[in-house]
Amino acid sequence: MTNLLFIGDVFASPGRGMVARHLKDIIAAENIHLSIANVENAAGGFGVTPQLADEMFDLGLDVLTTGNHVWDKREIYDYFTNHPRLLRPANYPEGLAGAGVVVVQAHNGVDCAVINLQGRVYMPHTDCPFRKADKLLTELPVHVKVRFVDFHAEVSSEKVAMGWYLDGRVSAMVGTHTHVPTADTRILPEGTAYQTDAGMTGPYNGVIGVDKRIILERFLTQMPVRMEAARHGAELHGVVVEVDDTTGRAAAVRRIALT
Ligand code: FE2
């Protein structure tokens, strides 16, 4: 068995603090072999810097995924060249920095693939994530049975559809981006562990990570505002998946939440 940990969108310093405080304990308690986290909001809610990506790797994360905010900090563009374990959604146009797939050896010696895709509904216009998934999966070495997908998308329907599309072809698909954890954790009939959204690892006393006064002002006035991360109510949300590494099928999946 290979045990995967996926931590939902790490948001600003409250989110990073939760990873720093809890990651090692989770890895030990759950016998985790590969730790993955979405860090597209690590830098104050907007993108990730080389320094923060280094910090996340140093804390014990093995692979970092992202999403639409990955391009917010220009300094990260060059970082991709020497850090293939930092992913960006695979279905951005060809030629951009970085990649959306990586094969890494988990701590039990099993090769695992991590894939990062992004939805297209209420999101930046990208290539089709479904067809991109097909292409990436056909290109993976056949011995790589353990396959995790972070599908960064806004609407539940697109994520549910992707879950069905990938069922039996990946070990797990977990959604990110909405910052609200969903309670639909399950194993689909062909063996893919699924959850529509992992939820945020960050400050819940705000509006999906941002200071609630700022967001309320925007809703009430429709005027532009300067976003600032909320500070309180930090929680860590993630998903633990137990994968049969001979078949790639998920044997168990469950949500974790720490306050
Ligand atoms: Fe996002």
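Contact here means heavy atoms within 4.5 Å. Keep that in mind as you click around, and remember that this is a predicted model.

**Stop 1: His 237 and its surroundings**

Select His 237, which sits in strand β11. Its relative accessible area is 9%, so this histidine counts as buried. Now show what is around it. Leaving out neighbours within four places in sequence, His 237 is in contact with Phe 6, Ile 7, Gly 8, Pro 181, Ala 198, Gly 199, Met 200, Thr 201, Tyr 204, Ile 256 and Ala 257.

**Stop 2: Tyr 204**

Pick Tyr 204 from that list. You'll find this tyrosine in the loop between β10 (202-203) and α6 (212-221). Is Tyr 204 buried, exposed or partly exposed? Its relative accessibility is 24%, so Tyr 204 counts as partly exposed. Setting aside residues up to four places away in sequence, Tyr 204 touches His 179, Pro 181, Gly 199, His 232, Gly 233, Ala 234, Glu 235 and His 237. Turn on the backbone of Met 200 as well: its oxygen lies 2.7 Å from a polar atom of the Tyr 204 side chain. For a sense of scale, draw a line from the C-alpha of Tyr 204 to that of Arg 249; it spans 33 Å, with the two residues 45 apart along the chain.

**Stop 3: the β11–β12 hairpin**

Go back to β11 (residues 234-243) and follow the chain into β12 (residues 250-258). These strands run antiparallel and are joined by eight bridges. To see one pair, select Val 241 and its bridge partner in β12, Val 253. Six residues lie between the strands of this hairpin, and there Gly 248 takes a positive phi near 85°.

**Stop 4: the iron ion**

Now select the iron ion. Which residues coordinate it? Glu 40 (OE), Asn 68 (OD1), His 152 (NE2) and His 177 (ND1) do, at 2.0 to 2.4 Å. Ideal angles for four tetrahedral donors are 109.5 degrees. Here the angles among the four donor atoms run from 84 to 155°, and the site is irregular. Along the chain, the donors follow the spacing E-x27-N-x83-H-x24-H. Glu 40 is in the loop between β2 (34-38) and α2 (50-58), while His 152 belongs to strand β6 (residues 146-152), so this pair ties together parts that are 112 residues apart in sequence. Both Glu 40 and His 152 are buried.

Stay on His 177 for a moment. This donor lies in the loop between β7 and β8, and at 13% relative accessibility it counts as buried. Check its backbone too: phi is near 110°, a positive value in a residue other than glycine. Most residues other than glycine have a negative phi.

**Stop 5: the six-stranded sheet**

Colour the strands β4 to β9. Six strands form an open sheet, ordered β4-β5-β6-β7-β9-β8, with mixed pairing. At the edges are β4 (101-105) and β8 (186-187), each pairing on one side only. Inside the sheet, β5 (residues 111-118) runs parallel to β6, with seven bridges between them. Ile 115 is a handy marker, standing opposite Val 149 in β6. Helix α4 (residues 129-139) packs on the sheet, where it touches β4, β5 and β6, and its direction makes about 160° with that of β5. Next, show helix α5 (residues 156-166): it lies across β5, β6, β7 (172-176), β8 and β9 (193-195), running at about 165° to β7.

On the loop between β5 and α4, select Tyr 122. At 70% relative accessibility, this tyrosine counts as exposed. Tyr 122 has a positive phi, near 55°, in a residue other than glycine.

**Stop 6: β1, β2 and out to α2**

Finish with β2, where five of its five residues are buried. Leu 34, Ile 36 and Asn 38 point one way, and Ser 35 and Ala 37 the other. Strand β1 (residues 2-7) runs parallel to β2, and four bridges join them; Leu 5, for instance, has Ser 35 as its bridge partner.

Last selection: Asp 58, in helix α2. Its relative accessible area is 64%, so Asp 58 counts as exposed. Its C-alpha lies 9.6 Å from that of Ala 20, a residue 38 places away along the chain.

Methods: Residues numbered from 1 in each chain as written. Predicted model: local features only at pLDDT ≥ 70, side-chain atom pairs only at ≥ 80, totals over all residues. Heavy atoms only, no water. Helix = DSSP H or I, 4+ residues; strand = E, 2+ residues; numbered from the N terminus. Buried < 20%, exposed > 50% of the residue type's maximum accessible area, 1.4 Å probe, protein only. Polar contact = N/O pair within 3.5 Å; in protein donor to acceptor, adjacent residues only side chain to side chain. Donors = N, O, S within 2.8 Å, 3.2 Å for Na, K, Ca; no water. Tetrahedral: all angles 85-135°; square planar, octahedral: opposite > 155°, others 65-115°. Pairing = 2+ DSSP bridges. Axes fitted to C-alpha atoms, helices over the stretch in contact; angles between N-to-C directions.
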